[in-house]
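Take a look at the chain below. The report that follows walks through its interior, its surface and its domains.

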Amino acid sequence: MDQQLSMVTLGVEDLATSRRFYSEGLGWTPLLDLDEVVFYQVGRGVALALFPLADLAADTGAPATPGTPFTLARNLGSPAEVDTAVARAREAGANVLKEPQRAAFGGYHAYFTDPDGHRWEICHNPGWSVSEDGTVRLTAVDPEK
């Protein structure tokens with residue numbers, strides 16, 4: 001896995017309050033604003049997601065607490081690349097929280113923690129792309145396809 005970061009996901013206690021803070025308070029424009037998650041571009045090819053804390057805990061399979069819950073994420077080109085990256089992380093000593101599998105959002109993903117317990121999601125999201133100027137393009141994916 002190359003040395004790159006695609007997304008930071010912050011677990012939030014109240015999505016509506018957090019959405020107001022980032023969108024209205026900070027003046028950020030969402031890339032994609034859904035009932036269950038909000039995405040913002042925060043750099044060239046990098047996005048920030050706000051995801052309810054309880055949903056983050058359920059998705060990773062590990063407890064999440066207020067104030068520090070976040071997931072570093074890397075989007076890869078295919079499910080096979082996800083499998084390879086997770087295998088390499090496991091070999092390096094990662095604790096795999098969720099084995100690679102089809103994701104509720106329609107892609108394919110897995111979760112692991114680094115030696116300090118920082119959560120990483122390695123995924124293939126077919127709705128994610130980055131244009132030549134670095135702008136993230138994010139579209140909803142039909143989870144049934």
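## Around Ile-122

In this predicted model, Ile-122 has many neighbours to name. Leaving out residues up to four places away in sequence, Ile-122 touches Met-1, Arg-74, Leu-76, Val-82, Ala-85, Val-86, Tyr-108, His-109, Ala-110 and Phe-112.

## The largest core

Ile-122 belongs to the largest nonpolar core, which has 21 residues. Ile-122 is also among the residues with the most contacts inside this core, together with Leu-50, Val-82, Val-86 and Phe-112. Several elements each supply at least two residues: strands E1 (7-12), E3 (38-43), E4 (46-52), E7 (108-113) and E8 (119-124), plus helices H1 (15-25) and H3 (79-91). The largest share comes from H3, with 4 residues. Domain 1 (1-64) and domain 2 (67-144) both give residues to the core, so it lies between them.

Another core lies apart from this one. This other core has 12 residues, including Leu-32, Val-37, Ala-73 and Val-136. As a general point, nonpolar side chains in soluble globular proteins tend to be buried together.

## Two domains

The domain assignment splits the protein chain into domain 1 (1-64) and domain 2 (67-144). Their C-alpha centres lie 14 Å apart. Domain 1 puts 26 residues into the contact, and domain 2 puts in 26 residues.

## Cys-123 in strand E8

Cys-123 lies in strand E8. Is Cys-123 buried or exposed? Its relative accessibility is 8%, so Cys-123 counts as buried, the cut-off being under 20%.

Which residues is Cys-123 in contact with, leaving aside neighbours within four places in sequence? They are Arg-74, Asn-75, Leu-76, Val-82, Phe-105, Tyr-108 and His-109. Asn-75 is 48 residues away along the chain, yet the C-alpha atoms of Cys-123 and Asn-75 are separated by 5.0 Å.

## Ser-18 in helix H1

Ser-18 has its place in helix H1. Ser-18 has a relative accessible area of 14%, so it is buried. Setting aside neighbours within four places in sequence, Ser-18 is in contact with Val-12 and Leu-50. Leu-50 is one of the residues with the most contacts inside the largest core.

## A patch on the surface

Nonpolar residues also appear on the surface. Phe-21, Leu-26, Trp-28 and Val-42 form a nonpolar patch there. Together they have about 360 Å² of accessible area.

Where does Trp-28 lie? Trp-28 is in the loop between H1 and strand E2 (30-33). Trp-28 has a relative accessible area of 32%, so it is partly exposed.

Definitions and conventions: Residues are numbered from 1 along each chain as its sequence is written. This is a predicted model: local features need pLDDT of at least 70, side-chain atom pairs count only at pLDDT 80 or more; totals for chains, interfaces and linings use all residues. Side-chain values use heavy atoms; hydrogens and water are left out. A nonpolar core is a set of buried Ala, Val, Leu, Ile, Met, Phe, Trp, Tyr and Cys residues joined through side-chain atoms within 4.5 Å. Buried means under 20% relative accessible area, exposed over 50%, partly exposed in between (1.4 Å probe, protein chains only). Domain bounds come from an automatic or database domain assignment. Contact means heavy atoms within 4.5 Å. Patches are made of residues with over 30% relative accessible area and no salt bridge: like charges are joined within 9 Å, nonpolar side chains (Val, Leu, Ile, Met, Phe, Trp, Tyr) within 5 Å. Accessible areas come from the Shrake-Rupley method with a 1.4 Å probe; for residues, only the protein chains shown count as cover. A salt bridge is a side-chain nitrogen of Lys or Arg within 4 Å of a carboxyl oxygen of Asp or Glu.
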